[in-house]
Amino acid sequence: MRIGIGYDIHRLKAGRELFLGGVLIPYPKVLLGHSDGDVLLHALTDAVLGALAAGDIGDHFSDQELRWKGAASEKFAAPVLALLKKKRMCILNIDTVLLMEKPKLQPHKQAIKKSVAKIFKVPESLVSIKAKTHEGLDAISRGQAIACHATVLIGKV
Ligand code: MG
């Protein structure tokens with residue numbers, strides 16, 4: 001077995017189309033990024049790459065490349081899953097913690113869990129989606145950013 005961690009943070013600005021775990025969340029802000037800024041999928045993609053000791057998301061999907069501009073972040077999963085398959089490994093479980101003040105994640109947790117399971121091709125029972133606020137301490141608390149930690153355990157098929 002091998003374990004990987006991932007972390008990401010993106011700024012929020014006025015707009016629409018806030019994507020978390022591939023799910024469109026109704027909220028009057030958007031995550032800034034070269035792609036759609038989906039911090040959860042970015043952290044998770046990095047965690048899988050970390051478990052494989054295969055570099056990071058920037059090595060594989062450069063923000064200098066036009067083809068990733070505005071891309072749906074679920075597009076990052078397929079090449080990473082292909083790498084996993086090549087090494088004859090599979091995902092054993094996924095755990096995540098979103099750091100965000102608003103919107104409240106509770107009503108969207110189930111949809112995000114379902115979406116992440118679909119994108120990373122694992123049963124929903126292997127996916128954990130959690131959220132915390134930053135207790136009024138910083139930019140995350142002021143609603144200026146959303147961050148995410150992710151951990152992935154992989155094992156031989
Ligand atoms: Mg990112």
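This is a tour of a predicted model, going from the metal site to the sheet, the helices, the cores and one tryptophan.

**Stop 1: the metal**

Select the magnesium ion and show its donors. Asp8 (OD), His10 (NE2) and His42 (ND1) coordinate the ion at 2.1 to 2.2 Å. Along the sequence these donors follow the spacing D-x1-H-x31-H. The pair Asp8 and His42 links distant parts of the chain: Asp8 sits in strand E1 (residues 2-14) and His42 in helix H1 (residues 39-51), 34 residues apart. Now colour by accessibility. Are Asp8 and His42 buried or exposed? Both are buried.

**Stop 2: the sheet**

Stay with E1 and add the other strands. The open sheet has five strands, in the order E4-E1-E7-E5-E6, with mixed pairing. At its edges are strand E4 (29-31) and E6, each of which pairs on one side only. Neighbouring strands in this sheet are turned against each other by 25 degrees on average, ignoring direction.

Next, select strand E7 (residues 145-156). Its pairing with E1 is antiparallel and is made of ten bridges. To find the register, pick Arg2 and look across to Ile154, its bridge partner in E7. E7 also pairs with E5, again antiparallel over ten bridges. Two positions are worth labelling here: Ile94 has Val152 as its bridge partner in E7, and Asp95 stands opposite Thr151 in E7.

**Stop 3: the helices on the sheet**

Show H1 again, this time as a whole helix. H1 packs on the sheet and touches E1, E4, E5, E6 and E7. The direction of H1 makes about 155 degrees with that of E1.

Then select helix H4 (residues 109-119). H4 lies across E5 and E6, and runs at about 140 degrees to E6. Which residues of H4 are buried? They are Ile112, Ser115, Val116, Ala117 and Ile119. Turn on the surroundings of these side chains: they pack against strand E2 (18-20), strand E3 (23-25), H1, helix H3 (77-86), strand E5 (89-99) and strand E6 (127-132). Just after H4, pick Lys121, which has a positive phi of about 55 degrees.

**Stop 4: the nonpolar cores**

Start from Val116 in H4. Along with Leu20, Ile91 and Phe120, Val116 touches the most other members of the largest nonpolar core, which has 45 residues. Two or more residues each come from E2, E3, H1, H3, E5, H4, E6 and E7. Which element gives the largest share? H1 does, with nine residues.

Centre the view on Ile91. Leaving out residues up to four places away in sequence, Ile91 touches Val48, Leu81, Leu84, Phe120, Val122, Leu126, Val152, Leu153 and Ile154. Apart from the largest core lies another, of five residues, including Val97, Leu99, Ile140 and Ala147.

**Stop 5: Trp68**

Finish at Trp68, in the loop between helix H2 (57-60) and H3. Why does Trp68 count as buried? Its relative accessible area is 10%, and the cut-off for buried is under 20%. Show what surrounds the side chain: with residues up to four places away in sequence left out, Trp68 touches His34, Ser35, His60, Phe61, Ser62, Lys75 and Phe76. For a distance check, draw a line from the C-alpha of Trp68 to that of Pro26: the two are 24 Å apart in space and 42 residues apart in sequence.

Note on methods: Residues are numbered from 1 along each chain as its sequence is written. This is a predicted model: local features need pLDDT of at least 70, side-chain atom pairs count only at pLDDT 80 or more; totals for chains, interfaces and linings use all residues. Side-chain values use heavy atoms; hydrogens and water are left out. Donors are N, O and S atoms within 2.8 Å of the metal (3.2 Å for Na, K and Ca); water is not among the atoms, so sites may look incomplete. Helices (H or I, at least four residues) and strands (E, at least two) are DSSP runs, numbered from the N terminus. Buried means under 20% relative accessible area, exposed over 50%, partly exposed in between (1.4 Å probe, protein chains only). Contact means heavy atoms within 4.5 Å. Two strands pair if DSSP finds at least two bridges between them. Axes are lines fitted to C-alpha atoms, for helices over the stretch in contact, and angles run from 0 to 180 degrees between N-to-C directions. A nonpolar core is a set of buried Ala, Val, Leu, Ile, Met, Phe, Trp, Tyr and Cys residues joined through side-chain atoms within 4.5 Å.
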